[in-house]
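Me: I would like to learn how to read a protein model with DNA. Could you take me through the features one at a time?

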2 protein chains.
Amino acid sequence: MKPTILDVAKHAGVSKATVSRVINNNPKVNNEIRERVYAAIEELGYHPSAIARSLASSTSSTLGLILPDITNPYFPVLARGIEDAAHRLGYTLFISNTDNDPKIEQEYIQKMVHQQVGGIILISSILGEDKVNELQELQIPFVLCDRLIQGSPFDTVSIDNYKASYEAVTRLIEQGHTRICHLAGPSLVQSAEMRKQAYSDAMHEHGLESFVRIGSFTYEAGYQLMDSILAETKPSAVFAANDLIALGAMNAIHNRGLNVPGDIAVVGCDDILFAQMSNPTLSTISVPAYQIGVTAVELLVERMRGVKTSEARNVVVEHKFIQRESMNGEDPRT
Amino acid sequence: MKPTILDVAKHAGVSKATVSRVINNNPKVNNEIRERVYAAIEELGYHPSAIARSLASSTSSTLGLILPDITNPYFPVLARGIEDAAHRLGYTLFISNTDNDPKIEQEYIQKMVHQQVGGIILISSILGEDKVNELQELQIPFVLCDRLIQGSPFDTVSIDNYKASYEAVTRLIEQGHTRICHLAGPSLVQSAEMRKQAYSDAMHEHGLESFVRIGSFTYEAGYQLMDSILAETKPSAVFAANDLIALGAMNAIHNRGLNVPGDIAVVGCDDILFAQMSNPTLSTISVPAYQIGVTAVELLVERMRGVKTSEARNVVVEHKFIQRESMNGEDPRT
DNA sequence: ATGAAAGCGCTAACAG
DNA sequence: CTGTTAGCGCTTTCAT
């Protein structure tokens, strides 16, 4: 049998309470005794049971991560940031995929609550007011990544999707493009919605006409959408809601015998690994996914340690436009 | 406060034990009482605490996944298979990344043991005999993915790396290539080692000379390795230990003004999403990562439910060679 | 078929 | 500073 705290106590000739104090770094323990306990722990190869600890203290050493789909290349980087930060702070991480399905999302949130996680990092699709209320009743800290919600009571971390997208579209316009179309993500997804809105506004404010197609955040969707567009008309530039869509669009363009960026310029969003590996390389909005993950964990852990009082904090991290081969011309900033 | 089993018991006018029986689907409970308990559960919105359950029953509803790096595009698919299967069977999943560092790996295994996971799916780098013994002493079920070990006591799931690689190299040889080089993965990694071995054997058995370069499983490594090779000599084909390396090699070839497959054919392994998106598309060995994940969980859960007796099971899943544009010529099988 | 009681491994007052 | 005593929420004998 694995040794318990009682075994250690006996072995060291002290009480359970003292051992407990030692492993919790309680300062008021006599040094000599502390050493004895450490020795006993060492000799027996004792490790406290995280589960018993949680039950007794109703605290937790686990965090939950709920995201749409780890298979989408943007999320592994985010997840890695979260995982690294979580471990650094002493937490173990649960993970689950929702495919942006609100039902599944709800189910997994419940599941994690039953596992008594200390907090949850949520990359949610839609967050209506009712949903927010539900989450609040759970009485456990949440941090929202990427998908924000106006005036929610939760901490959030994200880039400024609106600003980033507005800039990207403006770049294209400045380079002389007028027939720019937008390949948008699912309208349930807040970030997709922001990007679309920014595109429309930018076009409108430059007296240009919007042309939007909506699909899922996948390569296939990008390919299909672009291919069907090319069947009717030929825009001079495409702003895609993410890199996967952009990459799909780029291939559709090639397969129609057209050239990127010669015939059509393409811009994506996220800066996934393959944006710099494609041919031509993909211009995109760089999103610091890893950093978003780290920040999310830090906010969450602060909350868990008792920052219940303070207001919701909305951290906006810096994005960066990356000009690569899929887009012509000078960087207007140089 | 969240309701406990005692609240439910009182509300239903029964004992805690009876409620426990109901939620555990113990058949010997009077139907009428069972209904009453269900009603009470419903009314109070009761959910059992997974943590208290584990402590009392010393069973567990959690699984651990320990892998090298979720950021490597092969692993998200594996992880998704594992996660889906785990949830389907009622388990919640812990995850952590080791970067193939044995120290970190050991640390995370310990961490999960302290979390009292019911079993662990491990994608380990090296597994010496000593390591195997260590794991066995933990007294908890392990399933090994991708990286096998001859005669280990653990269940394993993987493709036949040797056979798959031997086939791939043979394909190249059959297409007339004689100067084939191999870009291998880290020698600590068992799968990389098998692929290298198969390459060498295939070359040798066809009277050809081996030419191996070793690097990490990354795009950058592939690029660098290939670029340095081209500085000295020009092979006619490259077999890379994974797709990331292959993609890097392909770009290095392009940047030297050479053509794939015209000047040099390239073959990878894994069939990650981007193998079919690159230009030219990448020929590769398709590894059913999702299915490997699902199978691993199934084996693990069987073990957890008590298949302690049976021998280690080594499941070999089917790979498939996928010929795409990065390789010339007819499929020899057609 | 149901209840009473002990206990899983640990923490947390409360004394002293 | 250290030990004693209760639990945390649930499962699990053992009676009945």
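The dialogue below takes up domains, DNA surfaces, polar contacts and a helix pair.

Me: What should I know before I start?
Reply: This is a predicted model, in which local features need pLDDT of at least 70, side-chain atom pairs count only at pLDDT 80 or more, and totals for chains, interfaces and linings use all residues. Residues are numbered from 1 along each chain as its sequence is written, chains are lettered from A and ligands numbered from 1 in the order in which they are written, and side-chain values use heavy atoms, with hydrogens and water left out.

Me: Which domains does the assignment give for chain A?
Reply: Domain bounds come from an automatic or database domain assignment. For chain A these are domain 1 (1-46), domain 2 (60-159 + 289-318) and domain 3 (161-286). The C-alpha centres of domain 1 and domain 2 of chain A are 36 Å apart.

Me: How many residues surround DNA strand D?
Reply: A residue is near a strand if one of its heavy atoms lies within 4 Å of it. For DNA strand D there are 26 such residues, with A:Arg21, A:Asn30, A:Ile33, B:Ile5 and B:Tyr46 the closest. Of the strand D atoms within 4 Å of the protein, 61% belong to sugar and phosphate.

Me: Which polar contacts reach the phosphate oxygens of DNA strand D?
Reply: A polar contact is a pair of N or O atoms within 3.5 Å; within protein, one must be able to donate a hydrogen and the other to accept it, and residues adjacent in sequence count only if both atoms are side-chain atoms. Among them, a backbone N or O atom of A:Asn30 is 2.5 Å from a phosphate oxygen of strand D. For B:Ser20, a polar side-chain atom lies 2.7 Å from a phosphate oxygen of that strand.

Me: Where does the backbone of A:Ala52 meet DNA strand C?
Reply: A backbone N or O atom of A:Ala52 lies 3.5 Å from a base nitrogen of strand C. At A:Ser49, a polar backbone atom is 3.1 Å from a phosphate oxygen of strand C.

Me: How do α1 and α3 of chain B cross?
Reply: Two packed helices are described by the angle between their axes and the distance between the axes. Helices here are DSSP runs (H or I, at least four residues), and strands are E runs of at least two, numbered from the N terminus. Axes are lines fitted to C-alpha atoms, for helices over the stretch in contact, with angles from 0 to 180 degrees between N-to-C directions. In chain B, the axes of α1 (residues 5-12) and α3 (residues 31-44) come within 9 Å and cross at roughly 125°. Therefore α1(B) is oblique to α3(B); angles under 35 degrees count as roughly parallel, over 145 as roughly antiparallel, 65 to 115 as roughly perpendicular and the rest as oblique.
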